[in-house]
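Please work through the exercises below with the sequence and the 3D structure open beside you. Each task is followed by a solution that goes step by step.

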Amino acid sequence: QVQLVQSGGGLVQAGGSLRLSCAVSGITFRNYGIGWSRQAPGNQREFVARMPNGGNTVYKASVQGRFAISRDDAKNTGYLQMNNLQPEDTAVYYCYLLGTTYWGQGTQVTVSS
């Protein structure tokens with residue numbers, strides 16, 4: 001079966017960095033784009049970044065220049081590098097495969113001020 005297993009995340013002070021990983025199995029990863037969303041307490045899930053297969057990477061305006069999405073097809077893994085984290089970035093982060101209903105389990109990112 002298709003699985004997206006996330007790792008990384010945790011607690012960091014404002015200005016710090018974290019890298020999230022999303023390991024994909026059960027599907028030919030290189031055939032799909034990858035995306036990241038997040039959900040803060042009391043809020044709806046929101047788009048963060050996406051990397052279409054062969055297309056242009058797109059970011060949420062508030063993370064542009066701080067976050068970077070990438071992938072390693074040899075490792076079947078996608079990444080979200082998050083730099084200069086701010087308290088408003090606190091949320092549960094989810095990876096997903098574009099054009100599918102496959103999502104990771106979510107990982108908590110907490111940024112203290």
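**Exercise 1.** Find which residue of β10 stands opposite Ala-91, and then follow the pairing of β9.

*Solution.* Step one: Ala-91 has Val-109 in β10 as its opposite residue; strands here are DSSP runs of E with at least two residues, and helices are runs of H or I with at least four residues, both numbered from the N terminus. This is a predicted model, in which local features need pLDDT of at least 70 and side-chain atom pairs count only at pLDDT 80 or more, while totals for chains, interfaces and linings use all residues. Residues are numbered from 1 along each chain as its sequence is written, and side-chain values use heavy atoms, with hydrogens and water left out.

Step two: β9 pairs with strand β10 (residues 107-112) in the antiparallel sense over 3 bridges, where two strands count as paired if DSSP finds at least two bridges between them. Step three: β9 is also paired with strand β4 (residues 34-39), again in the antiparallel sense, over 6 bridges, and in this pairing Val-92 of β9 stands opposite Gln-39. Step four: 6 of the 7 residues of β9 are buried, leaving the strand mostly covered; buried means under 20% relative accessible area, exposed over 50%, and partly exposed in between, with a 1.4 Å probe and protein chains only.

**Exercise 2.** Determine the order of the strands in the open sheet of 4 strands, and name its edges.

*Solution.* Step one: the order is β1-β3-β8-β7, with antiparallel pairing. Step two: β1 (3-7) and β7 are the edge strands, since each pairs on one side only. Step three: neighbouring strands of this sheet are turned by 15° against each other on average, direction ignored; the axes are lines fitted to C-alpha atoms, for helices over the stretch in contact, and angles run from 0 to 180 degrees between N-to-C directions. Step four: within this order, strand β3 (residues 18-25) and β8 run antiparallel and are joined by 6 bridges, and Ala-23 stands opposite Thr-77 in β8.

**Exercise 3.** Describe where Asp-89 lies, and state whether it is buried or exposed.

*Solution.* Step one: Asp-89 belongs to the loop between β8 (77-82) and β9 (91-97). Step two: Asp-89 counts as buried because its relative accessibility is 1%. Step three: leaving out residues up to four places away in sequence, Asp-89 touches Arg-38, Val-63, Arg-66, Phe-67, Asn-84, Val-109 and Val-111, a contact being heavy atoms within 4.5 Å.

**Exercise 4.** Count the salt bridges, and find which residues are joined into one network.

*Solution.* Step one: a salt bridge is a side-chain nitrogen of Lys or Arg within 4 Å of a carboxyl oxygen of Asp or Glu, and by this rule there are 5 salt bridges. Step two: one of them joins Asp-89 and Arg-66 at 2.8 Å, N to O. This pair links distant parts of the chain, 23 residues apart, with Arg-66 in the loop between β6 (58-59) and β7 (67-72). Step three: Glu-46 forms a salt bridge with Arg-38, where the closest N and O atoms are 2.6 Å apart; Glu-46 is partly exposed because its relative accessible area is 29%, whereas Arg-38 is buried, at 4%. Step four: the side chains of Arg-71 and Asp-73 also meet in a salt bridge (2.8 Å, N to O). Step five: through salt bridges that share partners, Arg-38, Glu-46, Lys-60, Arg-66 and Asp-89 are joined into one network.
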